[in-house]
Amino acid sequence: MTVTSASPEIKIELHKSPVSDAERLQALEAPGFGKLFTDHMVLARWTADKGWHDAKVTPRRPLELDPASAVLHYAQEIFEGMKAYKADDGRILLFRPEENARRFAQSATRMAMPPVPEELFLKAVEALVRVDKGWIPSGDASLYLRPFMFANEAFLGVRPAQEYVFCVIASPVGAYFKGGAKAVSLWVETEYTRAASGGTGAAKCGGNYAASLVAQAEASKRGCDQVVFLDAAEHRWVEELGGMNVFFVMNDGSMVTPPLGGTILPGITRASVIVLAEERGFRVEQRPYSFAEWQEDAASGKLVEAFACGTAAVLAGIGLVRHAGGEFLVGDGQTGKLTSELRQQLVSLQKGVTNDVHGWTRLIPA
Ligand SMILES: *Cc1c(COP(=O)(O)O)cnc(C)c1O
């Protein structure tokens, strides 16, 4: 094991990959999503007396937790999802990582956890990508990065914990949906909700996902790929999918996406899509959109496309929409033209193919 120092704060302990070069290259040909992992991880600790300390890149290995660790009982846990891309010329790029760092800090604050300084977050992610750069697939695939943080104080009293672990792991990924560019089908959930006003809907916390799984299981049972949630107060307004934001494209040059306001996760893909769509001359309305309006607009032909978006899937067209009272198609049920174009535009930016006029990509020095 070699110990070097990449920066004043992050120690690097390397180990020889347990996987041969040939095995790694073979695994990278069809990585799937979230089941293949790289050789290293980042760890840092927070205690009340020392603050954040002991940040390091170490060989990836199981974590040892006290069974009384607060996260196992009261779910103080948050995470991020971002990707590192390999350009055709070999450069390694991150997409708007400062936004992930900022959102991670905001999620921490909402969950009464100590925010990871944005500089430490960025350095940690970059250090891991550099150490495990042999695991970044080329072509359409990428290296999915999962920074996360949890309470590990061994204490069963109910209050914010006084010890935390920040960790970053990395997973080479291919397409999120098995069908590729095929449109996804949605189940409209009218019983279970994802987030309520005043709750944690805008924080990227594991608890939101735990709360969404029974609805996602219901969607699968109904033969749908994903669930779309309505608001918790009236069960009337479209919110988002379990892990993706949603957009509606109209035939009059306008687009609608539900407004942020505490119950919707402020997606970085969502924010980027708004900029790109406005540059194309679309009028993007961030306003409440009811399920009734969605049905009417689909029936009248006003709604021409709908798509879901997030880091993992980038953009996915919405085809079939199924609900308790029946089902309908958006457009012809296929991924729409604007959806395909925006998806391609984003991927080209992320992979450094097109000129980054927005300053969204961040080069990781080799
Ligand atoms: C992460 C996430 C998104 C998408 O956010 P991106 O920054 O675009 O990846 C949307 N909704 C939920 C609930 C999420 O957790």
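These exercises on a predicted model cover its cavity, its two largest pockets and two helix crossings.

**Exercise 1. The largest cavity**

Find how many cavities of 30 Å³ or more the model has, and describe the lining of the largest cavity by residue, element, class and domain.

Solution.
- Step 1. The count of cavities of 30 Å³ or more is one. The space in the largest cavity is about 90 Å³.
- Step 2. Its lining consists of Gly81, Met82, Lys83, Tyr85, Phe95, Asn100, Ile268, Thr269, Thr311 and Gln350.
- Step 3. Two elements, β6 (82-86) and α6 (268-279), give two or more residues to this lining. β6 has the largest share, with three residues.
- Step 4. Sorted by class, the lining of the largest cavity has four nonpolar, five polar and one charged residue. Lys83 is in the lining, and Lys counts as charged.
- Step 5. Domain 1 (11-173) and domain 2 (184-350) each contribute at least three residues to the lining of the largest cavity.

**Exercise 2. The largest pocket**

State the volume of the largest pocket, and work out which residues lie closest to its centre and which element gives the most to its lining.

Solution.
- Step 1. The largest pocket holds about 680 Å³ of space.
- Step 2. It is lined by 36 residues, and those closest to the centre are Tyr144, Arg146, Tyr176, Tyr209 and Gly243.
- Step 3. At least two lining residues come from each of β8 (142-151), β9 (163-173), α5 (206-221), β11 (226-230), α6 and β16 (303-310). With five residues, α5 gives the most.
- Step 4. The class split for the largest pocket is 16 nonpolar, 14 polar and six charged residues.
- Step 5. Each of domain 1 (11-173) and domain 2 (184-350) supplies at least three residues of the lining of the largest pocket.

**Exercise 3. The second largest pocket**

Give the volume of the second largest pocket, then describe its centre and its lining.

Solution.
- Step 1. The volume of the second largest pocket is about 530 Å³.
- Step 2. Of its 28 lining residues, Asp140, Ala313, Val314, Arg343 and Val347 lie nearest the centre.
- Step 3. β6, β17 (314-323) and α8 (337-350) each provide at least two lining residues. The largest share, six residues, belongs to α8.
- Step 4. The lining of the second largest pocket divides into 13 nonpolar, 10 polar and five charged residues.
- Step 5. Here too, domain 1 (11-173) and domain 2 (184-350) each give at least three residues to the lining.

**Exercise 4. Two helix crossings**

Classify the crossing of α3 and α4, and that of α6 and α8, by angle and by handedness.

Solution.
- Step 1. The axes of α3 (residues 97-110) and α4 (residues 118-131) come within 9 Å and cross at roughly 125°. The angle therefore makes α3 oblique to α4, since the range for roughly perpendicular is 65 to 115 degrees and roughly antiparallel begins over 145.
- Step 2. The handedness of the α3 and α4 crossing is right-handed.
- Step 3. For α6 and α8, the axes come within 11 Å, with a crossing angle of roughly 110°. So α6 is roughly perpendicular to α8, because the limits for that class are 65 to 115 degrees.
- Step 4. The crossing of α6 and α8 is right-handed.

Conventions:
Residues numbered from 1 in each chain as written. Predicted model: local features only at pLDDT ≥ 70, side-chain atom pairs only at ≥ 80, totals over all residues. Heavy atoms only, no water. 1 Å grid on protein atoms, 1.4 Å probe; cavity = no way out; pocket = protein on both sides within 12 Å on 5 of 7 lines; lining within 4 Å. Points joined across faces, edges and corners; volume = space filled by probe spheres on them. Helix = DSSP H or I, 4+ residues; strand = E, 2+ residues; numbered from the N terminus. Domains from an automatic or database assignment. Axes fitted to C-alpha atoms, helices over the stretch in contact; angles between N-to-C directions. Parallel < 35°, antiparallel > 145°, perpendicular 65-115°, else oblique. Left-handed = near helix turned anticlockwise from the far one by under 90°.
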